[in-house]
Amino acid sequence: MHIKRFTGPSVKDALKRIKAEFGEDALILSTKKIGQGLHEVVAAIDHDLKGEAIIALDTPVFAGAPARAAAPGEVRADLSGKARGLDAVKTELRELKELKDLCLRMLSESGNPVSGLYAKLSSELTANGIDKRLADKILLNTFKGMGKKEASDASFMRSQIRGRIFDRISVVDPLSGKGVLAFVGPPGVGKTTTIAKLAAIHALRKKKKLALISYDTYRIAAAEQLRLYGKLIGVPTEVAKDARELASCLSMHRDKDIVLIDTAGRSVKNREHMGELAGISRISPHIRFNLVLGNDARDESLYDCVRGYASMPVDSISFTRIDLSSVYGPILNTMMLARKPVSYLAAGQRVPEDLETATKERLVNFFMQN
Ligand SMILES: Nc1nc2c(ncn2[C@@H]2O[C@H](COP(=O)(O)OP(=O)(O)OP(=O)(O)O)[C@@H](O)[C@H]2O)c(=O)[nH]1
Ligand SMILES: [Mg+2]
């Protein structure tokens, strides 16, 4: 392997020189700013591996992954140094992105089994709704460090990717023991139906003592919807119009194994409603919150919900309307942004049949379908 340092006024410039000298098969080892307007890129050419450059980015696939020491083959930007102004960082990031795009292009256009498999897996993940940047991070981090033989073995790489995703997602069943769980989320997403499903499962199948509370301060019909479900299932249902009433309902049902609180769907753009909702968390520290989101929503609106509900102590997410979409990527994209475990998955209107408790195996099957 022949290694050489290239310098230039920008990373892009240095890359052009690398491409001219080493061709498309260059392996980028590192990149850093070495002075005002001067960048250094270390590149290598491996004549044995010609056409099979495997490039890895240092960016962790999932937020929260611990920082590691640089490994050979990694692209790493040195953001330390004296000029640490925001502009310098932005420039560095832009150049890093250009570098990453170039690396990805080199990887997918080099016409060898590794790049062919990479491109195939990449389009598979993105066709399933997984964010392109997330898909690239997952793939780059999985391909990195693999030998030529493994990196061109489709079934081996698939299992590696599944394993990588499996290790980084989390699930929880907030009703596995006793507790009070409030369901929050955008309007019409399926909160009340999810509560009805859970109430039927826990009261009828698991024989637990339950109570339902409707905390919808402005819709009579919403309380009636929950009351009807409560009656059908045979569990007491209360209506609380304000925080004081909610506190007294909770006190009245403190003997119950499980209390489920239904809330009105709130648009994250309505600050007044969001403030009112956040007030629930002050009533009792024992109330846990489940954010209900629809898998058929656009990524941006899911992200808005995650950010909007970040002011509340949400500790798990449920996904509904899974039956209405043929892609599952939004679940992974949202999980990665929210960094919260998934609890329930709803795929239809039937109570309680169309609800399951999330498992990591089930989720990985959603994300990588074969
Ligand atoms: N296809 C499908 N429909 C669902 C699912 N979950 C709920 N629904 C339907 O979606 C509609 C709205 O459900 P609700 O449970 O009332 O929704 P909500 O979040 O409580 O609505 P608001 O209280 O108005 O915010 C109903 O017709 C449900 O039957 C699901 O997983 N799949
Ligand atoms: Mg409702």
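Helix H7 (residues 191-205) gives the most to the shell around ligand 1, contributing 3 residues. Helices here are DSSP runs of H or I with at least four residues, strands are E runs of at least two, and both are numbered from the N terminus. This is a predicted model, in which local features need pLDDT of at least 70, side-chain atom pairs count only at pLDDT 80 or more, and totals for chains, interfaces and linings use all residues. Residues are numbered from 1 along each chain as its sequence is written, while chains are lettered from A and ligands numbered from 1 in the order in which they are written.

**Around the ligand**

There are 19 residues around ligand 1, and Gly190, Thr192, Thr193, Gly265 and Ala346 come nearest. A residue is near a molecule if its C-beta atom, placed from the backbone, lies within 6 Å of it. Sorted by class, the shell holds 7 nonpolar, 8 polar and 4 charged residues. Here Ala, Val, Leu, Ile, Met, Phe, Trp, Tyr, Cys and Pro count as nonpolar, Asp, Glu, Lys and Arg as charged, and the others, Gly among them, as polar.

**The sheet**

Let's turn to the strands. An open sheet of 8 strands runs in the order E9-E8-E10-E7-E11-E12-E13-E14, with mixed pairing. Strand E9 (237-239) and strand E14 (355-357) are the edge strands, each pairing on one side only. From one strand to the next, the twist averages 25 degrees. Two strands pair if DSSP finds at least two bridges between them.

Some of the pairings are set out here.

| Strands | Sense | Bridges |
|---|---|---|
| E7 (residues 179-184) and E10 (residues 258-263) | parallel | 5 bridges |
| E7 and E11 (residues 287-294) | parallel | 5 bridges |
| E13 (residues 342-346) and E14 | antiparallel | 3 bridges |

Within strand E7, Val180 stands opposite Val259 in E10, and Val184 stands opposite Leu291 in E11. Strand E7 is mostly covered, with 5 of its 6 residues buried (20 or more other C-beta atoms within 10 Å of the residue's own, all placed from the backbone). At the E14 edge, Leu345 has Glu356 as its bridge partner.

**A helix pair**

Helix H6 (residues 154-168) and helix H14 (residues 360-367) have axes that come within 10 Å and cross at roughly 130 degrees. Axes are lines fitted to C-alpha atoms, for helices over the stretch in contact, and angles run from 0 to 180 degrees between N-to-C directions. H6 and H14 are therefore oblique to each other, as angles count as oblique outside the ranges under 35, 65 to 115 and over 145 degrees.

Conventions:
A residue is buried if 20 or more other C-beta atoms lie within 10 Å of its own, exposed if 12 or fewer, and partly exposed in between; C-beta atoms are placed from the backbone.
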